[in-house]
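Here is a short report on one protein model. Keep the sequence and the 3D view open as you read.

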Amino acid sequence: MTKILAIETSCDETAAAVTCGSAILSSIKVTQEIHKEWGGVVPSLARRDHEKNIDYVINKSLEAAHSNYSDIGAIAVTSGPGLAIALEVGIKKAIELAKTYNKPLIKVNHVEGHVLSPLIQKEGAAEVDVEFPCLGLVISGGHTQLIEVEQIGKYRILAQSLDDDIGEAIDKGARMLGLGYPGGPQLEKAANTGNEKTYSFPLPMAGREGKMFSYSGIKTYLFRLIESLSNKTSTGISSDIVCDLAAGYQAMIFKHLIRTVEIKIKSEMETGKTYSTLLVGGGVSANNKLRGLLESAMSDLGIGVRYPACLDLCTDNAAMIGVVGGFKADKNQFSDARDVDRDPRWKIDNL
Ligand code: KG4
Ligand code: ZN
């Protein structure tokens, strides 16, 4: 099995990992704190921080895996989707290392990394233990996609967002509620102490048979609701109200997600498809409330749900890029350095 050095710089995590098959030998990331004060990722600042930290994460990942370039078989790098000027940093470094150490290059799709992240084993070079076709759900700041995984490397998008992505709506909502960035964990915490029934939020795409995901309408609804509640007080809305709003907003965001996923899966099943597993990846998959809701909805369809083995594998990381790189190395899917370029809108059904 080829040992892979993987590099990921598509957004605001500078990450490197060493993997072998679906096992992680090391996984190092630096989360960029700089974006907190802006309430969202600023591409030029992301690039600057990637440039500052890339050598550190690579060297650290080799050291932690007790590896060096002589035992690395190939270098995998995220080529897209993501922020163009951030992707460039990882790609440039991967090409430079491939030339210096005479290693083959593998370009990896970031969403494919998230989809397959539940298959990663933290220890031991385990084989892939999932039945195909299966389903993948990628829910993060930049992606909301339900995907059919026909086999590793072959995907079909069943549903995606028409506008805002789920994590984006969560982060923006959390910001409006004064909960900080990134908003997911804070919104979850506030929602846990709030009452989701105090304020009713509209179900996105209601009456449209759950064709696609859509999160911009509910985000605007929250904005107006906060505005009207704020107008009724001179002291600002209380923390109890913030928690109730967080609970109602998060509950409806998840209700829409699960409803759409259920409708899409049922319609595939009606055509004779059978699935036993849903692989869930991306930062939003860290949410415990969502996990409970998804598991109960999927068990009604006879589908088991699998998540990444730890929180660090839910959010952006290089281990998932390395594991996909390993699958590609097994199939000799290497790329010439001239063909490894940033692809900010690269779709998983066009690998
Ligand atoms: O996968 P990721 O690191 O980056 C992208 O590829 O976009 O996901 C980041 C997203 C953010 O929107 C963050 O707020 C969300 O994942 N997130 C969560 C939780 N932890 C992170 N959303 C809901 N609940 C959480 N516990
Ligand atoms: Zn991601």
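The site of the zinc ion (ligand 2) is tetrahedral, with angles of 94 to 132° among its four donor atoms. For comparison, the ideal angle for four tetrahedral donors is 109.5 degrees. Keep in mind that this is a predicted model.

Which residues hold the zinc ion (ligand 2)? His110 and His114 each coordinate through NE2, and Asp316 coordinates through OD. The distances are 2.0 to 2.1 Å. Along the chain, the donors follow the spacing H-x3-H-x201-D. The pair His110 and Asp316 links distant parts of the chain, 206 residues apart. His110 belongs to helix α3 (residues 110-116). Asp316 lies in the loop between α9 (311-314) and α10 (319-330). Are these two residues buried or exposed? Both His110 and Asp316 are buried.

Now to the sheets. Strands of a sheet pair through backbone hydrogen bonds, either parallel or antiparallel. The table sets out two sheets of this model.

| Strand order | Edge strands | Average turn between neighbouring strands |
|---|---|---|
| β3-β2-β1-β4-β5 | β3 (23-31), β5 (105-109) | 20° |
| β8-β7-β6-β9-β10 | β8 (154-160), β10 (304-306) | 25° |

Take the sheet β3-β2-β1-β4-β5. This open sheet of five strands has mixed pairing. Its edge strands, β3 and β5, each pair on one side only. Strand β1 (residues 3-8) runs parallel to strand β4 (residues 74-80), and four bridges join them. Find Ile7: its bridge partner in β4 is Val77. Helix α2 (residues 84-101) packs on this sheet and touches β1, β4 and β5. The direction of α2 makes about 160° with that of β4. Helix α10 packs on the sheet too, touching β1, β2 (13-20), β3, β4 and β5. The direction of α10 makes about 135° with that of β1.

Next comes the sheet β8-β7-β6-β9-β10. This sheet is also open, with five strands and mixed pairing. The edge strands β8 and β10 each pair on one side only. How many bridges join β7 to β8? Six bridges do, and the two strands run antiparallel. Strand β7 spans residues 144-151. Gln151 has Lys154 in β8 as its bridge partner. Helix α7 (residues 239-270) lies across β6 (134-139), β7 and β8. Helix α7 runs at about 30° to β7.

Key. Residues are numbered from 1 along each chain as its sequence is written. Chains are lettered from A and ligands numbered from 1 in the order in which they are written. This is a predicted model: local features need pLDDT of at least 70, side-chain atom pairs count only at pLDDT 80 or more; totals for chains, interfaces and linings use all residues. Side-chain values use heavy atoms; hydrogens and water are left out. Two strands pair if DSSP finds at least two bridges between them. Axes are lines fitted to C-alpha atoms, for helices over the stretch in contact, and angles run from 0 to 180 degrees between N-to-C directions. Contact means heavy atoms within 4.5 Å. Donors are N, O and S atoms within 2.8 Å of the metal (3.2 Å for Na, K and Ca); water is not among the atoms, so sites may look incomplete. Four donors count as tetrahedral if all angles lie between 85 and 135 degrees; four count as square planar and six as octahedral if opposite donors are over 155 degrees apart and all others between 65 and 115; anything else is irregular. Buried means under 20% relative accessible area, exposed over 50%, partly exposed in between (1.4 Å probe, protein chains only).
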